[in-house]
Amino acid sequence: KEEMHLLLGDLYLQDGNFSSALEQYELLTKEELQNRCFYNKTLCFYETGKVQELADISSSFGTRQDLSSEQKNSIRYLCASGLFEHLCSSEEQDSSLLARAEELFEGCKGTSFESISFYPLGRIAELQNKKTEAASYYEAAAQSQIEKAPDLLFQAAMLRSETNPELAIATFEKIISL
């Protein structure tokens, strides 16, 4: 019966029905089956906005032996994104969640998720009033997100105008050349 819940959960996941998939995965009690669906369950938590579950997973997934390094990188990014998205939509800024999201995005360096982590890292640095660091992340994001480059460079230039006017001018000149 539990194997059927696993298969049904996987089918719901393939169909994009993350809530139903999660319901099926939650019915699993056998450790072996729970391990087999851990990655998929994490994806469901992300897609359904389960922030507390992502926060819990973010502190324990790294020690799991049953995950490939690419799965661990993906889970790291999903957890970081879920926490970051929650912070962006929330009126209050939970400093512990902010720090955890930053740590997870920093852990994406050197992975296939590095370039898409630059913008959130820039925004987090900006929220922490680290203007120089935020500007550098926005500029790095502009290099990998060509269609958003002018906006990202503008954010970098505005932050730099408060800390380093010469570098701000150079950044504004990059925008003009685009």
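This is a short tour of a predicted model, from the whole chain down to one helix.

**Stop 1: the whole chain.** Start with a cartoon view and colour by secondary structure. You will find 11 helices and 0 strands, so to speak an α-α-α-α-α-α-α-α-α-α-α pattern when you read along the sequence. Turn the view to its principal axes: the C-alpha atoms fill a box of roughly 65 × 30 × 30 Å.

**Stop 2: the surface.** Now switch on the surface for the chain. The accessible area comes to about 9,800 Å², and carbon and sulfur atoms account for 50% of that. Next, select the charged side chains. There are 16 positive and 29 negative charges, and the mean positions of the two sets lie 3 Å apart.

**Stop 3: the inside.** Hide the surface again. Of the 178 residues in the chain, 43% count as buried. If you display contacts between residues at least 6 apart in sequence, 48% of them join residues at least 24 apart.

**Stop 4: helix H8.** Select residues 118-127, which make up helix H8. Which residues of H8 are buried? Show side chains and look for Phe 118, Pro 120, Leu 121, Gly 122, Ile 124 and Ala 125.

**Stop 5: the cover over H8.** Keep those buried residues on display and add the neighbouring helices. The cover includes helix H6 (69-89), helix H7 (95-106) and helix H9 (131-144). Colour each of the three separately to see what each one contributes.

**Stop 6: just past H8.** Finally, select Asn 129. This residue comes just after H8 and takes a positive phi of about 65 degrees.

Key
Residues numbered from 1 in each chain as written. Predicted model: local features only at pLDDT ≥ 70, side-chain atom pairs only at ≥ 80, totals over all residues. Heavy atoms only, no water. Helix = DSSP H or I, 4+ residues; strand = E, 2+ residues; numbered from the N terminus. Buried < 20%, exposed > 50% of the residue type's maximum accessible area, 1.4 Å probe, protein only. Contact = heavy atoms within 4.5 Å. Areas by Shrake-Rupley, 256 points an atom, 1.4 Å probe, with all protein chains shown as cover. Lys, Arg positive; Asp, Glu negative; His and termini not counted. Charge placed at Lys NZ, Arg CZ, Asp CG, Glu CD.
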